[in-house]
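Please walk through the architecture of the structure shown here, from the way its helices pack to the surroundings of its ligand.

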Amino acid sequence: MTQNAVPVPHPGWTATSADMPAAVGGTPLILLRKASAATGCEIYGKAEFMNPGGSVKDRAALAIIDDAERRGVLKPGGTLVEGTAGNTGIGLTLVANARGYRCVIVMPETQSREKIGFLRMIGADLRLVPAKPYRDPGNYVHVSRRLAEENGWVWANQFDNLANREGHRATTAPEIWQQAGGRVDAFTCACGTGGTLAGTALGLHDAAARSGVTPPRIVLADPEGSGLYGWVKSGDLSIEGSSITEGIGQSRVTANLEGAPIDDAERIPDPEALEIIYSLLGEEGLSVGGSSGINVAAAIRTARKLGPGHRIVTILADGGARYESKLFNPEFLRAKDLPVAPWLA
Ligand code: PMP
């Protein structure tokens, strides 16, 4: 590949009667110049921040709604409810707006005020709840399930609804395979629900099997404060430290993550991810959020382990503007002893 950004033909680009959901996916694969030069590898980021709702979660939202429609559980004028760190809520609300559904979004109040403001702006019926661990009945996921049961609403259930990962298997993976010219040596990805990691990994394995080539090495990118690094390395969901990143990290093996072909894991501290986020923005013009920094950090570590000449793909899950109040807020960062972007310091 010689081009920096490789778009794929997307059905929505040419259809004259396409609605918003037709514009989900078909995102460019961008060469990350500095990470590539530093490692002697080609490191690419799938620009998921370019989706209509601004994140990779538009794909899961559309796949879940399409599946609920097909199964006949979501009927015209129906109501959807979901617990989310925000991005799935944004995707679900936009697709629901386009298709005439109502959307109730349950979200921990600790998530960025930009995501909260955006959800209100687009018309989500937003219910903020205190942040609680999954084992607590007040956890946002359980609140959303109870609201569905009590009101007869459709529960999107992104963590354990396999329509999520199947959406990535059917779209994200084949796009990457085509854009990377049928050769991917490694794929690194963080996990919230596990839909992106597992679905893309399974789809890349499908594509490699069809071509009769070795499947890419699949590497989980985990922030501190998540149990999955320990789970991959030793089968033990042990939690250490904490992270300011949002939407990633997990204390259990979700149905979407179960059975994913994961070969290795990297645990990335926030300062390492932040330095990458600032470099991507300041030196390459790519504005990305916290999970993208974790993903690219894991891609760089994987490139160093594999050695020069390998092609590694990762996910740029959402954009930096969603976290201006945290990742680009010197007071917030200094209070946590975290690095500040040089131009803001
Ligand atoms: N990055 C961001 C910014 C997210 O919002 C999410 C989803 N919460 C993820 C990564 C993780 O994606 P998935 O749910 O597919 O594991």
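In this predicted model, helices α3 and α7 cross in a right-handed sense. Helix α3 spans residues 57-70 and helix α7 spans residues 163-170, and their axes, which come within 8 Å, cross at roughly 115°. Because angles of 65 to 115 degrees count as roughly perpendicular, α3 is described as roughly perpendicular to α7.

Helix α7 also takes part in a crossing with α9, where the two axes come within 7 Å and the angle is roughly 45°. That angle makes α7 oblique to α9, and the handedness with which α7 passes α9 is again that of a right-handed crossing. Helix α7 can therefore be followed from one crossing, roughly perpendicular with α3, to another, oblique with α9.

Helix α9, which covers residues 195-211, leads on to the ligand, since this helix supplies the largest share of the surrounding shell, namely 3 residues. The ligand has 19 residues around it, and those that come nearest are Gly192, Thr196, Gly247, Ser291 and Ala317. As for the chemical character of this shell, its residues divide into 10 polar, 7 nonpolar and 2 charged. When reading that division, it helps to keep in mind that glycine is counted here among the polar residues.

Turning from the helices to the strands, one finds an open sheet built from 4 strands, which follow one another in the order β6-β5-β4-β7 with parallel pairing. At the edges of this sheet lie β6 (125-129) and β7 (154-155), each of which pairs on one side only. Within the sheet, strand β4, formed by residues 79-83, and strand β5, formed by residues 102-108, are joined in the parallel sense over 5 bridges. A specific point of reference for this pairing is threonine 79, which stands opposite arginine 102 in β5.

Finally, the wider context comes from a record: an unreviewed UniProt entry carries the annotation "domain: Tryptophan synthase beta chain-like PALP", which covers residues 23-318. In the model, the span of residues 23-318 is 43% helix and 17% strand, and the C-alpha atoms at its two ends lie 16 Å apart.

Definitions and conventions:
Residues numbered from 1 in each chain as written. Predicted model: local features only at pLDDT ≥ 70, side-chain atom pairs only at ≥ 80, totals over all residues. Near = placed C-beta within 6 Å. UniProt positions renumbered as here; feature names shortened; annotations may be inferred. Pairing = 2+ DSSP bridges. Axes fitted to C-alpha atoms, helices over the stretch in contact; angles between N-to-C directions. Parallel < 35°, antiparallel > 145°, perpendicular 65-115°, else oblique. Left-handed = near helix turned anticlockwise from the far one by under 90°.
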